Every structure is written in C-alpha cells, then in structure tokens.
Amino acid sequence: LEDAVAGAAGELRGLLRVAGPSVFGARYIGPWLHELQAQYPQLEIDLVLTDRPVDLVEQNIDVAVRIGRLEDSSLIGVRLGTMLTVVVAAPGYISRYGTAKTPEDVQRHHFVLHAGQLQTAKLTLTGPKGRTVTIPCRSRFTVSSILGVREAVMAGAGLNAGPLWLYANAIDRGELIRVLPAWDPPRFPVHALMLPGRYRPAKTNSTLALLRVKVPKLPGVIG
C-alpha cells in the first residue's frame, strides 16, 4: 500500500474531501483514509457519507466512491471492482416460512427492501448455464438505511438481496443463511469518481491508488 500511494504522490498536505455510501464508507473508507493520514500527518480528512449522489463541484469533493451503474456525466470514472450480491434470510425466518428451492419459490416470500437506487420491487437472478429469471419482490418492510435493512433481515423480517460484504460475517457465524446459493442477484460496479481536467492533485492520485489496492480485496468484490 505504501509503495502504491508513494508512487502516486510526494508529500501530501491540506484538506482531502472524499464522499462514499454511508455504511460502506463508515466500515471501510474511513479506516483506509486514517491509514493514509497516519502516513501523511499534514493531510486533513473530510469524509462525506451519504447514500445519494453528491455534486463534486458544489461540495468540493476530491474523490467520490459510487456503487452501481454510472449515469452519463462529465466526471472521470475509474472502475475499482465489481460487487457480488447474495439472497439471505435469518434462520428464524426460514424455520417459520421455509426456504426457497427454485426462483419461483421466492415469489411467496416477504422481502426487506432498501429504499435506494440499487433495489426495486423486481429481482433478476442468474443461475446455472446463464439462465435468468425475473421475479417480483413482495415487501412489507422498506428501510432507507442499508444497515437498517441488515438488522431487519437478521430479526427475521424477510429476505434481502444485498452486497456480500454486508452479510459475509453474519453468514460465517450462522446468523444468516444464503437462499438459492446457485442463483446470483445482479452485480454492481464500484467506481471512483473525479472531476475532469489534466491536472489532478497529489492527494487525489494517492486516494485513487489507495482505493485501487483496497477495494478488490474486500469480501464479495472481484476485480
């Protein structure tokens, strides 16, 4: 990491403003930026956490991390990886309602949905031999926070098709169970966004180098 960052810049100083999704940013981006600051003590960090797209110009953002398909814009986007997603449920929910053995079975289950751009009332699953099935998601529980979705699912409120990095530890501990593990929900790209221009400050280059090293190493993210 030090070699990658050092190769991107000399001494870093001044204010670095980075934006990212709320839970992903709190769990990963914040600690990564602390590592960068420990390496360059003259660097000041301002981390903006929000699940809504930010205006890099208006909010003076140096680098924004965004999950999902990018809309057409004049921003420079650097792909950092692809995020895998899984369908999960709590053991208590499975005990009460049973599991799903086919994608069609999922239609009779309740979903907890995130009130964001990445989740809708329809779910497309890709299975063996590339077969795809799109099914409706019956939901009685919608949450504006992805962390709130996770807690609701763990409490047994329903199924969710969410990022593997969010659920990996709970799956390993047996607190959540993968549903239809042979079928994959949509994958989402992860990008670093920056303003266009020939000149890019050293702090921006170093942050980009940091993200390029860290993001592909996360559970459930492939390069």
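Begin by selecting Lys 129, which in this predicted model sits in the loop that runs between strand S7 (122–126) and strand S8 (132–136). Its phi is near 60°, a positive value in a residue other than glycine. Is Lys 129 buried or exposed? With a relative accessible area of 91%, Lys 129 is exposed, because anything over 50% is counted that way.

Now move to Leu 180, in the loop between strand S11 (177–178) and strand S12 (188–194). Here too you will find a residue other than glycine with a positive phi, this time near 50°. The surroundings of Leu 180 can be judged from its relative accessibility of 8%, so Leu 180 counts as buried, the limit being under 20%.

The next selection is His 109, which has its place in the loop between helix H4 (103–106) and strand S6 (110–114). At 2% relative accessibility, His 109 counts as buried. Which residues should you show around His 109? Leaving aside neighbours within four places in sequence, the residues in contact with His 109 are Tyr 93, Tyr 97, Gly 98, Thr 99, Ala 100, Arg 138 and Leu 159. Display the side chain of Tyr 93 together with that of His 109, and you can trace a polar contact of 2.9 Å that joins the two.

From there, go to the helices, and select H5 (residues 146–154) and H6 (residues 164–172), whose axes come within 11 Å and cross at roughly 30°. H5 and H6 are therefore roughly parallel to each other, since angles under 35 degrees are classed in this way. The crossing of H5 and H6 is right-handed. To see where the helices touch, show Ile 146, Val 149, Arg 150, Val 153 and Met 154 on the H5 side, and Leu 166, Tyr 167 and Ala 170 on the H6 side. While looking at spacings such as these, it is useful to remember that an α-helix has 3.6 residues a turn, so residues three or four places apart point the same way.

Stay with H6 for a moment and colour its buried residues, which are Leu 164, Trp 165, Leu 166, Tyr 167, Ala 168 and Ala 170. What covers these buried residues of H6? The cover includes H2, strand S4 (76–83), strand S5 (85–89), H5 and strand S10 (160–163). Just after H6, you can also pick out Gly 174, which takes a positive phi of about 80°.

Then select helix H2 (residues 22–39) with helix H7 (residues 202–214), whose axes come within 11 Å and cross at roughly 130°. That angle makes H2 oblique to H7, and the crossing of the two helices is right-handed. The contact is made by Trp 32, Leu 33, Glu 35 and Leu 36 on H2, together with Thr 207, Leu 210, Leu 211 and Lys 214 on H7.

For the last stop, turn to the aromatic rings, of which the structure holds six pairs. One of them joins Phe 24 and Trp 32 in an edge-to-face arrangement, with 6.4 Å from centre to centre and 85° between the planes. Phe 24 counts as buried at 2% relative accessibility, and Trp 32 counts as buried at 7%. Finally, add Tyr 28 and Trp 165 to the selection, and you will have the whole cluster of Phe 24, Tyr 28, Trp 32 and Trp 165 that ring pairs link together.

Terms used:
Residues numbered from 1 in each chain as written. Predicted model: local features only at pLDDT ≥ 70, side-chain atom pairs only at ≥ 80, totals over all residues. Heavy atoms only, no water. Phe/Tyr/Trp six-rings, centres within 6.5 Å; stacked < 30°, edge-to-face > 60°. Buried < 20%, exposed > 50% of the residue type's maximum accessible area, 1.4 Å probe, protein only. Helix = DSSP H or I, 4+ residues; strand = E, 2+ residues; numbered from the N terminus. Polar contact = N/O pair within 3.5 Å; in protein donor to acceptor, adjacent residues only side chain to side chain. Contact = heavy atoms within 4.5 Å. Axes fitted to C-alpha atoms, helices over the stretch in contact; angles between N-to-C directions. Parallel < 35°, antiparallel > 145°, perpendicular 65-115°, else oblique. Left-handed = near helix turned anticlockwise from the far one by under 90°.
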